[in-house]
Every structure is written in C-alpha cells, then in structure tokens.
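Student: I should like to go through the ligand site and the internal space of this model, term by term. Could we set each term against its definition?

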Amino acid sequence: MKPLVIEAIEQYAHDKTQAEPPQLRDLEERTHAEMQYPQMLTGRLEGRLLKLLVRLCNPRLVLEVGTFTGYSALSMAEGLSEHGKVVTCEVNPAARDVAQAAFEASPFGNRIELRFGPALDTIAAIDEPIDFSFIDADKQNYPAYYESILERTRPGGLILIDNVLWSGRVLEPADDETEAIALLNDRIAVDDRVENVLLTVRDGVQLVVKK
Ligand SMILES: C[S@@+](CC[C@H](N)C(=O)[O-])C[C@H]1O[C@@H](n2cnc3c(N)ncnc32)[C@H](O)[C@@H]1O
C-alpha cells in the first residue's frame, strides 16, 4: 500500500491518536511475524476510528467483511455496548486461526462471531437488520457487498468501505480490482438511497449512511 499522505504526517496522526490496548499491539506484532501481507491489518488510526464510530452509533449488529487476523473486529467490539455483537467473515483458514486465538485472549472477544466461508453467502443468511458494517475484503466483490449489505441495513445505519482510494490507482483504473472500486465510488456519489463522504484516512474510507 502506497502512503497517500506524506509519511511524517501519517506518523504524526498515529502518534497523536490514543493508543490501542496492548492485546491489539501484540496481535499486530504476531500478524507481522506470521502472516503474508500484514499491511492489510487496519492499525491504530483506522482501528481507533472504527471503535469511536461504533461507540457513537451504539449498534446491535455490526457486520465485517474480511476478518484477516481480527484487528478491526476487536477494535469494533471494543466500542460496543453489552447488547451489541460483531459478525465477521473470513475465507482464509490461517487468518481465521490467528483471529480466533486473538478473540479468545481478548476481554472483547465474546462479542465476536467469526463465520468461515465466502462473505456473500454469510451476508445472504443474515436475517436481522444491520446497523453498522465494515467492508474490507476482495475488491472485485465490493459492488456486490455494497448492494447486499445496503439492502439489509436499517435506515440510519452506517457502512464503511476500506481502501477506496487504492493507493491512488482509482484515478486511472488499469485492472479489475481498481475498476471495481472506482465503479463503486462512482455509484455511491450519485446513489440517492444514501449520504456519503469519502475520507482520505489511510488508503481511503467511504462513510455511507442509509437514508
Ligand atoms: C484487507 S484484509 C482484512 C483486514 C482486517 N479487516 C483488519 O483490519 O485486520 C481482507 C481479508 O478478506 C478475506 N477475504 C477475501 N475474500 C473473501 C471472501 N470472499 N469472503 C470473506 N473473506 C474474504 C481475506 O482472506 C483477507 O483476510
């Protein structure tokens, strides 16, 4: 991932954002030591943003598409009140195993349910209104995730979508993944079912509220 903000400013924003709990720092270290593509983990800046937004929205059901090693799921679980839960989807067994171990070791892990299998199937099986979601998995499916989740989101519910600037490649899409992200950004910008702001946090985060 190419930094979009100059490195010194990204570091400053990191340093001036309150620290994540030690279990999340340990998880980040374990992810870097054991996993391929550890940079997929959201990290402090975006993780604290997720936690804060969850706390403000007080959701019952949070849906995450793309668990990886569990950093963002744990960040969101930390922001929940006692009636809330996170359902998170993953297809990679190695990532699932690290995430499950991290959930078991965390005081917030009992608020998380990991569903192993393709996210579109998991979303289709959800039969209660979604209050808050975080889309952060395979980019080609982004438009499909958005439609399926929007349909199941209650009015006023929030959808966050990660990597929507894709290291700046959305300016000149030249591959299928970038085209899918750019197509979704184009659609959201004129979608009268929602209000949105595209935040330039980290690799770009869409903040979408269902009307
Ligand atoms: C960018 S990572 C998620 C990072 C995570 N949200 C975090 O902050 O640590 C994307 C994850 O989506 C998973 N994934 C890819 N395709 C998927 C699918 N069809 N269904 C569920 N998960 C999928 C990948 O295995 C990968 O672990």
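**Ligand site and cavity**

Tutor: We may start from the placement of the ligand: in this predicted model, the ligand sits in the largest pocket.

Student: What makes one say that the ligand "sits in" the largest pocket?

Tutor: The term requires that more than half of the atoms of a molecule lie within 2 Å of the grid points of the pocket. The ligand is stated to sit in the largest pocket, so it meets that criterion.

Student: Why is the pair formed by Ser-72 and the ligand called a polar contact?

Tutor: A nitrogen atom of the ligand is 2.7 Å from an N or O atom in the side chain of Ser-72. The cut-off is 3.5 Å, so the pair qualifies. Asp-138 qualifies likewise, because an N or O atom in its side chain is 3.2 Å from a nitrogen atom of the ligand. For Tyr-145, a polar side-chain atom lies 3.2 Å from a ligand nitrogen. The protein covers 89% of the 610 Å² of accessible area that the ligand has on its own.

Student: Which elements each supply at least two residues of the shell around the ligand?

Tutor: Helix H4 (71-79) and strand E2 (85-90) do so. By class, this shell has 11 nonpolar, six polar and four charged residues.

Student: What makes Leu-74 a lining residue of the largest cavity?

Tutor: A lining residue has an atom within 4 Å of a grid point, and Leu-74 is listed in the lining, so it fulfils this condition. Others in the lining include Pro-21, Glu-78 and Phe-108. The volume of this cavity is about 30 Å³, and helices H2 (22-34) and H4 each supply at least two residues of its lining.

Methods:
Residues numbered from 1 in each chain as written. Predicted model: local features only at pLDDT ≥ 70, side-chain atom pairs only at ≥ 80, totals over all residues. Heavy atoms only, no water. Polar contact = N/O pair within 3.5 Å; in protein donor to acceptor, adjacent residues only side chain to side chain. Areas by Shrake-Rupley, 256 points an atom, 1.4 Å probe, with all protein chains shown as cover. 1 Å grid on protein atoms, 1.4 Å probe; cavity = no way out; pocket = protein on both sides within 12 Å on 5 of 7 lines; lining within 4 Å. Helix = DSSP H or I, 4+ residues; strand = E, 2+ residues; numbered from the N terminus. Nonpolar A, V, L, I, M, F, W, Y, C, P; charged D, E, K, R; others polar. Points joined across faces, edges and corners; volume = space filled by probe spheres on them.
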